[in-house]
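Let's walk through a small protein fold together, one question at a time. Have a look at the sequence and the model first.

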Amino acid sequence: MAYDRAETLSLLENVLSSPADFVVLQLGENIADTTTLAADLEELLHHLMSRLHPKKLLVLGNFWANETVDNIKQAACKAAGATYISLKDLQTPEYMAGLHTIVQGADGTSHEILHAGVARHPGDAAMKEIARRINDALAANE
């Protein structure tokens, strides 16, 4: 929300201490209220650019298609000189984790995905494809 914007940006200061070669921003998957999203995102991108002076600022689209949010992200990227990377074509079963997939937890134990909502999250194939797209965007126009 707009009234939180300045406070939120100040919370980032401890991680914005030195210039960065590049910044990858992934956010917006669970946004329900887009009322102030355009202004919030544009200010965040400008803030990151002015504080870190990255050679490239990349913004990932949503894994779960949300045309409203993705359009706002694209426009904010254009206004800030950032690069938008679409992920909308990855919302297919081959890129989802999938039911009954065995995954390892942070503690090293194996777990079977039994929840349909969890199964719809990006799987290994999606993560590899997202990484490839980030690498391609970083390599472009070097």
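Q: How far does α3 reach from its first C-alpha to its last?
A: This is a predicted model, where local features need pLDDT of at least 70, side-chain atom pairs count only at pLDDT 80 or more, and totals for chains, interfaces and linings use all residues. Residues are numbered from 1 along each chain as its sequence is written, and side-chain values use heavy atoms, with hydrogens and water left out. Helices here are DSSP runs of H or I with at least four residues, strands are runs of E with at least two, and both are numbered from the N terminus. The expected span is 1.5 Å times one less than the number of residues; for the 14 residues of α3 that is 20 Å, and the reach is close to it, at 20 Å.

Q: Within what arc do the buried residues of α3 fall?
A: Buried means under 20% relative accessible area, exposed over 50%, and partly exposed in between (1.4 Å probe, protein chains only). In α3 the buried ones are Val-69, Asp-70, Ile-72, Lys-73, Ala-76, Cys-77 and Ala-80. Look down the axis of α3 and take the directions from that axis to the C-beta atoms: these residues line one face of the helix, because they fall within an arc of 160°.

Q: Which exposed residues does the face of α3 turned away from its buried side carry?
A: An α-helix has 3.6 residues a turn, so residues three or four places apart point the same way. The buried residues of α3 pack against α2, β2 and β3 (contact means heavy atoms within 4.5 Å). Turned away from that buried side are the exposed Glu-67 and Lys-78.

Q: What phi does Gly-81 take?
A: Gly-81 comes just after α3. Its phi is positive, about 75°.

Q: In what order do the strands of the sheet come?
A: Two strands pair if DSSP finds at least two bridges between them. β2 (residues 56-60) and β3 manage 3 bridges, in the parallel sense. The open sheet has 3 strands with parallel pairing, in the order β1-β2-β3.

Q: Which are the edge strands?
A: An edge strand of this sheet pairs on one side only. That makes the edge strands β1 (22-25) and β3 (83-85).

Q: What angle does the direction of α3 make with that of β3?
A: Helix α3 (residues 67-80) packs on the sheet, touching β2 and β3. Axes are lines fitted to C-alpha atoms, for helices over the stretch in contact, and angles run from 0 to 180 degrees between N-to-C directions. For α3 and β3 the angle is about 155°.
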